[in-house]
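Let's take a walk through this one from the N terminus onward, stopping at charges, greasy spots and odd backbone angles along the way.

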Amino acid sequence: MSRPSIISPTGFPFTRPRRTRMAEWSRRLVQENRLSAADLIWPVFVIEGEKEARPISGLPGVSRLTIDLLIEQAKRAVDLGIPAIALFPAIDPARKSDDAVEAWNPDALMHRAIRALKKAVPGIGLIGDVALDPYTLHGHDGIVVGDRVDNDESVAALVKMSLAQAEAGIDVIAPSDMMDGRIGAIREALEENGFSQTLILSYAAKYSSGFYGPFREALGVTGASYGPQGKATYQMDPANSDEALQEVAIDLQEGADWVMVKPGLPYLDVLHRVKETFAVPTFAYHVSGEYAMWKAASEAGYIDGKRTLLETMMAFKRAGADGILTYAALEVAELLRG
């Protein structure tokens with residue numbers, strides 16, 4: 001009696017990937033990446049005053065908030081499961097100066113906001129932006145000496161800024177300036193001053209990008225005096241990705257706990273390379289220009305806003321992001337809650 005032949009399933013019709021996609025339960029069962037509110041960080045803009053929400057024209061649906069209103073929204077974020085917010089102060093232009101001294105004033109807007117949030121919403125993580133552009137007349141992220149941004153003078157200022165935020169109670173110092181050596185200097189200062197548990201999230205691969213326009217409007221940073229090179233002498237060339245790995249390696253060696261790639265969608269390849277190479281907590285910033293384009297297309301009816309927003313967030317997760325900074329964090333969390 002002959003034995004039946006064994007046919008090796010080497011292709012169609014034996015291999016049918018659609019079998020797995022036919023039912024909702026099986027699609028969920030094999031989903032490779034998952035998105036939750038715990039993946040989100042909400043960037044917020046804080047202003048002086050009381051009970052005022054000042055809309056940002058370039059960021060529809062986003063407003064600068066006074067501290068009291070920010071506390072209310074932070075409580076909402078916690079209720080939605082968002083673990084952290086990133087603070088950006090839009091200060092009175094009269095407090096801006098060439099030396100950015102307001103950045104380490106203990107009574108500055110940023111530090112009052114930190115103290116108030118830690119008291120009123122203790123369950124949320126606070127991430128403090130560390131760069132001088134909100135505080136300088138020229139809008140650069142560092143100290144300008146002559147016709148250039150001076151690296152070492154800038155680092156000294158950033159250390160003072162970081163210590164002031166740590167004193168106010170910030171959980172995470174997030175240097176976004178791209179000066180050489182600033183992570184090591186900040187980490188050393190934190191250690192020496194009793195802040196060994198303060199995290200550092202380095203904007204390690206921050207590109208000189210055209211996607212930042214609405215953010216600069218939100219902070220009142222026009223860039224009128226950036227000079228012909230803009231910020232290209234310290235932010236990265238969009239053509240480079242090997243350089244990003246070098247920047248990340250340096251910042252990790254100097255004491256960064258987490259690293260960031262900014263902007264997000266145009267640099268998913270960089271995000272993926274960073275995560276694959278270093279396997280450390282890696283974050284992506286869905287920046288203001290990306291958000292504004294999505295919002296405009298959504299409101300015009302050109303795209304399905306809800307669907308494309310979740311698709312965008314999943315793209316970050318798929319590329320390797322552990323966390324995503326997005327102005328749409330509340331909307332995403334609401335959609336995920338259903």
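Helices here are DSSP runs of H or I with at least four residues, numbered from the N terminus. Keep in mind, too, that this is a predicted model.

With that in hand, start at helix 2, which is where Leu29 sits. Leu29 has a relative accessible area of 61%, so it counts as exposed. It has company out there: together with Trp25 and Val30, Leu29 makes up a nonpolar surface patch of about 370 Å² of accessible area. Helix 2, residues 24–29, also holds a charged pair, Glu24 and Arg28, set 4 residues apart, or about one turn of the helix. These two form a salt bridge, with 2.9 Å between the closest N and O atoms. Glu24 is partly exposed, because its relative accessibility is 45%.

Step back a little along the chain and the charge becomes one-sided. Arg16, Arg18, Arg19 and Arg21 cluster into a positively charged patch on the surface. Of these, Arg16 belongs to the segment before helix 1 (18–21), and its 39% relative accessibility makes it partly exposed. That segment before helix 1 also contains Pro13, which is joined to Phe12 by a cis peptide bond with omega of about 10°.

Back to the salt bridges, then. Side chains of opposite charge can pair when their charged atoms come close. How many salt bridges does a search of the whole structure find? The count is 19. One of them pairs Arg182 with Asp251, where the closest N and O atoms are 3.2 Å apart. This pair connects distant parts of the chain, since Arg182 is in helix 6 (residues 182–192) and Asp251 is in helix 8, 69 residues away. Is this pair buried or exposed? Arg182 is buried at 2% relative accessibility, and Asp251 is buried as well, at 3%.

Helix 8 has another stop worth making. It spans residues 242–254 and includes Glu247, which UniProt lists under "binding site" in an unreviewed entry. Glu247 has a relative accessible area of 15%, so it counts as buried.

Asp242, also in helix 8, reaches a different partner. Its salt bridge is with Arg273, and the closest N and O atoms lie 2.8 Å apart. Arg273 is in helix 9 (residues 268–278), so the pair ties together parts that are 31 residues apart in sequence. Here Arg273 is partly exposed at 29%, while Asp242 is exposed at 55%. Elsewhere, Asp133, Asp141, Lys206 and Lys231 are joined into one network by salt bridges that share partners.

Last, the backbone oddities. Most residues other than glycine have a negative phi, and most peptide bonds are trans. Against that background, look at Lys262 and Pro263, whose peptide bond is cis with omega of about -5°; Pro263 is in the loop between strand 10 (258–262) and helix 9. Then there is phi. Lys51 is not a glycine, yet its phi is positive, about 50°. You'll find Lys51 in the loop between strand 1 (40–47) and strand 2 (53–55), exposed at 67% relative accessibility. Ala279 likewise has a positive phi of about 50° without being a glycine. Its home is the loop between helix 9 and strand 11 (282–286), and Ala279 counts as exposed because its relative accessibility is 61%.

Note on methods. Residues are numbered from 1 along each chain as its sequence is written. This is a predicted model: local features need pLDDT of at least 70, side-chain atom pairs count only at pLDDT 80 or more; totals for chains, interfaces and linings use all residues. Side-chain values use heavy atoms; hydrogens and water are left out. Patches are made of residues with over 30% relative accessible area and no salt bridge: like charges are joined within 9 Å, nonpolar side chains (Val, Leu, Ile, Met, Phe, Trp, Tyr) within 5 Å. Accessible areas come from the Shrake-Rupley method with a 1.4 Å probe; for residues, only the protein chains shown count as cover. A salt bridge is a side-chain nitrogen of Lys or Arg within 4 Å of a carboxyl oxygen of Asp or Glu. Lys and Arg count as positive and Asp and Glu as negative; His and the chain ends are not counted. The place of a charge is taken as NZ of Lys, CZ of Arg, CG of Asp or CD of Glu. Helices (H or I, at least four residues) and strands (E, at least two) are DSSP runs, numbered from the N terminus. Buried means under 20% relative accessible area, exposed over 50%, partly exposed in between (1.4 Å probe, protein chains only). UniProt positions are given in the numbering used here, feature names are shortened, and annotations may be inferred rather than shown by experiment.
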